[in-house]
There are 2 protein chains.
Amino acid sequence: MARSVGRIFSGFRCFGSLPFGNPPLKTQCSSVLFRTTSERTLVHALPKIFARKPRDFSLPNSSWGKEMMQLYNHYNRLSKETAEGQEDHGERWTRLPSYNRTLKYATGGVYLSKIIQSKARLFTRNIRDPGTSFEYVIFFRQDKLKCACIFQAGHLLEGAPGHVHGGAIATMIDTVTGTHASLLSAPVMTANLNVNYRSPIPLGSTVLIESILDKEDGRKIYISCRVTSTDGSKLHTEATALFLSISVSHLLKR
Amino acid sequence: MARSVGRIFSGFRCFGSLPFGNPPLKTQCSSVLFRTTSERTLVHALPKIFARKPRDFSLPNSSWGKEMMQLYNHYNRLSKETAEGQEDHGERWTRLPSYNRTLKYATGGVYLSKIIQSKARLFTRNIRDPGTSFEYVIFFRQDKLKCACIFQAGHLLEGAPGHVHGGAIATMIDTVTGTHASLLSAPVMTANLNVNYRSPIPLGSTVLIESILDKEDGRKIYISCRVTSTDGSKLHTEATALFLSISVSHLLKR
């Protein structure tokens, strides 16, 4: 899925704009191997630098409801290689693993020593109790450059009574579109997020979050996103997001 | 601060747009007294319906750092009534209490029975361990119709390694602007959130989030917001938000 091991930093998402003109560090960093906080697919390429295998939060657990499981099974079936003799369905998705903090498992020299904070956890995976907050799995379809995320909203995400907080919805949109952008380019940061809330999402609901690439323009990546009911009949939220490719050094300087 | 007890629902924030034309339930609901998930100032008016006093998360705890405490003390001093004989500083702020879920403490008939979910918790207050996620307190200045929020970002809010997740920043912006809107009007919902990320926020930082009312136009409330370093010298994020006044029945129908 990612285009090369040299792009391992492409999951290294940032949140804020940075000065233009600094040369990307892709070449410089390509040999520094560590997992990032974003969903990555290259875990199999990096077994030696992990102290132990981290938990993959994108796999089913007992809290996943019927809708979540049905959609997961649907995309998972489409992510399998076409078996010999079977008809190729032509729609190939890849599930993206997801961790709560993987830098702590890695070693990597001066860059890592500056940014490792052992207690830190990815915002969307900071509660381990299954089903209480963000349950989600992201699939990526490379031929169409689009993502589909199945999201089940737990009872700890409340905004208005009985409904999901607008910030939690924005968080999932940022997560899906940011993951999408990071699969297309070097490390990225969110520059803009523009979210239109169309109808509230009840707590406990499962929804579908789909993102598509609108365009790439130099360092800019434009992605749009829709949050709908799982059958697509009800629109909950629409959003656009702009990401900038950055160099890792930007974060380290701050 | 709130203009009348009849506006007790004004903290009842929703997230998503709703059909126009439904008559507001302000009159109908003004006698239904219950605390909402948003910051409210009318807690003193509602002592009888609470089973026990909930924890106010906007008060200092041991995790608050020096910057957080300095700013808290600054606004807190300005929130006190001017003592007799002292000069009126002319800048009067009010601290807004904040709870993790207060509907569970209330009783209120059919409306409440539909929306009470005993396990639900406000997204920004769903982790009780002090200092690990969102530590914040919001102050409101009524004469200028503006809010100031002091926000200390814990290590469970990570996005890019060592930095606050863009979704967590959007969540705080939605929280501050939504609280602001709810103080000006009947129950509101977020219709749009447009966030520009200018520079990343390191985990553990304390920042200042300030919101001002841009305009009110019928049911629409436009608010803009800036996230800066505590001395205002560094801009982290800028945002605009649009809220719609709604009737409580909108949520109950969904």
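**Close-up views of a predicted model**

**View 1. Salt bridges around A:Glu238.** A:Arg226 has a relative accessibility of 37% and therefore counts as partly exposed. The model shown here and in the views below is predicted. The side chain of A:Arg226 meets that of A:Glu238 in a salt bridge, with an N to O distance of 3.9 Å. Because A:Arg226 belongs to strand S7 (residues 220-229) of chain A and A:Glu238 to strand S8 of chain A, this pair ties together parts that are 12 residues apart in sequence. A second salt bridge joins A:Glu238 to A:Arg198, here at 3.0 Å from N to O. This contact links distant parts of the chain: A:Arg198 sits in the loop between strand S5 (188-197) and strand S6 (206-217) of chain A, whereas A:Glu238 sits in strand S8 (residues 235-245), 40 residues apart. A:Arg198, A:Arg226 and A:Glu238 are thus linked in a network of salt bridges. A:Glu238 is partly exposed at a relative accessible area of 25%, and A:Arg198 is likewise partly exposed at 34% relative accessibility.

**View 2. The salt bridge between B:Asp143 and B:Arg141.** The closest N and O atoms of the two residues are 2.9 Å apart. B:Asp143 counts as exposed, with 51% relative accessibility. Its partner B:Arg141 counts as buried, with 10% relative accessibility. Over all chains, a search of the whole structure finds eight salt bridges.

**View 3. Aromatic pairs and the phenylalanine cluster.** The model holds 15 aromatic pairs over all chains. In the pair formed by A:Phe123 and A:Phe134, the ring centres are 6.3 Å apart and the planes stand at 65°; the angle is over 60 degrees, so the arrangement is edge-to-face. A:Phe123 is located in the loop between helix H3 (110-115) and strand S3 (134-141) of chain A, and A:Phe134 is located in strand S3, so the pair ties together parts that are 11 residues apart in sequence. A:Phe123 and A:Phe134 are both buried. An edge-to-face pair is also formed by B:Trp64 and B:Tyr72, with 5.4 Å from centre to centre and 75° between the planes. B:Trp64 and B:Tyr72 are both buried. One aromatic cluster is made up of A:Phe123, A:Phe134, A:Phe151, B:Phe123, B:Phe134 and B:Phe151.

**View 4. Charged side chains over aromatic rings.** A:Arg55 is placed over the face of A:Phe57, at 4.0 Å from the ring centre. In chain B, B:Lys215 is placed over the face of B:Tyr222, at 4.8 Å from the ring centre.

**View 5. The largest nonpolar core and the surroundings of B:Ile209.** The largest nonpolar core has 76 residues, of which A:Phe151, A:Leu157, A:Ile209, B:Phe151, B:Leu157 and B:Ile209 touch the most other members. When neighbours within four places in sequence are left aside, the contacts of B:Ile209 include B:Cys147, B:Ala148, B:Cys149, B:Phe151 and B:Met172. B:Ile209 is further in contact with B:Val176, B:Cys225, B:Arg226 and B:Val227.

**View 6. The setting of B:Ser133.** B:Ser133 is found in the loop between helix H3 (110-115) and strand S3 (134-141) of chain B. With 5% relative accessibility, B:Ser133 counts as buried. Residues up to four places away in sequence not being counted, B:Ser133 touches B:Ile127, B:Gln152, B:Ala153, B:Gly154 and B:Leu157. One of these residues, B:Leu157, is also among the core members named in View 5.

**View 7. Chain A and its annotated span.** Chain A comprises five helices and eight strands. From the N terminus on, these elements run β-α-α-β-α-β-β-α-β-β-β-β-α. Of its 254 residues, 61% count as buried. Among the contacts in chain A with a separation of 6 or more, 69% are accounted for by residues 24 or more positions apart. An unreviewed UniProt entry carries the annotation "domain: Thioesterase" for residues 162-234 of chain A. That span is 26% helix and 44% strand, and its end C-alpha atoms lie 18 Å apart.

Definitions and conventions: Residues numbered from 1 in each chain as written. Chains lettered and ligands numbered in written order. Predicted model: local features only at pLDDT ≥ 70, side-chain atom pairs only at ≥ 80, totals over all residues. Heavy atoms only, no water. Phe/Tyr/Trp six-rings, centres within 6.5 Å; stacked < 30°, edge-to-face > 60°. Helix = DSSP H or I, 4+ residues; strand = E, 2+ residues; numbered from the N terminus. Buried < 20%, exposed > 50% of the residue type's maximum accessible area, 1.4 Å probe, protein only. Lys NZ or Arg CZ within 6 Å of the ring centre and 35° of its normal. UniProt positions renumbered as here; feature names shortened; annotations may be inferred. Core = buried A, V, L, I, M, F, W, Y, C linked by side-chain atoms within 4.5 Å. Contact = heavy atoms within 4.5 Å. Salt bridge = Lys/Arg side-chain N within 4 Å of Asp/Glu carboxyl O.
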